[in-house]
Amino acid sequence: MAMTKTLNSTASRVSMLFADRIVVLTEEYRNELCKAHRWFFRPHKVKIIPNGIDSFLFYPNSLNNSKSKLIRLGMAARFSFSKRQDLLIDALSLVLEQRPDISFELHFAGDGDHLDHVKALVSNSSIAAHIHFDGLLSESQVAEWLKSMDIYLHATAGESFCMSVLQAMATGLPIIASANVGITVVNGDGSDGILVDNYTNLWATEIIKLIDDCDRRKRMGFNARKKAVDLYSAEASLKSYLELVLSE
């Protein structure tokens, strides 16, 4: 709703007509601008430049033991109606039901209006002992938090641009994320992450397969880190902005 109002606002339309350049974060947002403005849309003015990630703050933990029997999974996000921490609770409950031999912890970082609701769901679930709420973390704390994880999970109904997924990629983590708007930084082919529809059984299946395949986790984490550095680092973002300015 908020995005739609912004796209259709008078200020947005005036910017489209008179601004020299308009920078958006994603191809999806560019497409939405095109739909909203129709004949006012000026494609030559719109440039896609993603936000940059600090790849020197977010980097892999070289001491992480990927062969540890205890698998640590995490999601860092605000607890809101659009985030699906509840889906992860259901999916991991199914994982435990199907594979009681798997040892895991699920860590949530963040706060928000739905935090108490999610905590209530956890208290009534079969995996309450496996779930940890780590609170609202600073950027540097998130960097250390991610280094302690083996797999990053991001279940969502949609995003504008998901920085937490990028942070996890820069940390060299394999990703399982919702196949929804805003998660386009993850390839759909599984090379650096897995995109899955928001159904409990599908999430459980992908989580089990990734836990069982240590080599695949390593490959995906390596590719995720490389993509984050090459395409989404602060340096890459700065270069794109400089090129935009110098092209005027």
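Select helix α8 and then its surroundings: in this predicted model, the buried residues of α8 pack against β3, α4 (85-98), β6, β7, β8 (193-196) and α9. To see which side chains are involved, pick out Trp203, Ala204, Glu206, Ile207, Ile208, Leu210 and Ile211, the residues of α8 that are buried.

While α8 is still selected, place a distance between its end C-alpha atoms, which are 18 Å apart; because the 13 residues of the helix (residues 200-212) should span 18 Å at 1.5 Å a residue, the two values agree.

Move next to helix α7, residues 163-170, where 7 of the 8 residues are buried, so that this helix is largely enclosed by the rest of the structure. The residues to highlight are Ser164, Val165, Leu166, Gln167, Ala168, Met169 and Ala170, which are the buried ones of α7. Around them, show β3 (70-76), α6 (139-147), β6 (151-154), β7 (175-178) and α9 (214-232), against which the buried residues of α7 pack. Just after the helix, stop at Gly172, whose phi is positive at about 80°.

Finally, clear the selection and view the whole chain, which has 10 helices and 8 strands. Colouring by burial would mark 45% of the 248 residues as buried. If contacts with a separation of 6 or more are drawn, 70% of them join residues 24 or more positions apart. With the surface switched on, the accessible area of the chain comes to about 12,600 Å², and carbon and sulfur atoms account for 54% of this area.

Note on methods. Residues are numbered from 1 along each chain as its sequence is written. Side-chain values use heavy atoms; hydrogens and water are left out. Helices (H or I, at least four residues) and strands (E, at least two) are DSSP runs, numbered from the N terminus. Buried means under 20% relative accessible area, exposed over 50%, partly exposed in between (1.4 Å probe, protein chains only). Contact means heavy atoms within 4.5 Å. Accessible areas come from the Shrake-Rupley method with a 1.4 Å probe; for residues, only the protein chains shown count as cover. The expected span of a helix is 1.5 Å times one less than its number of residues.
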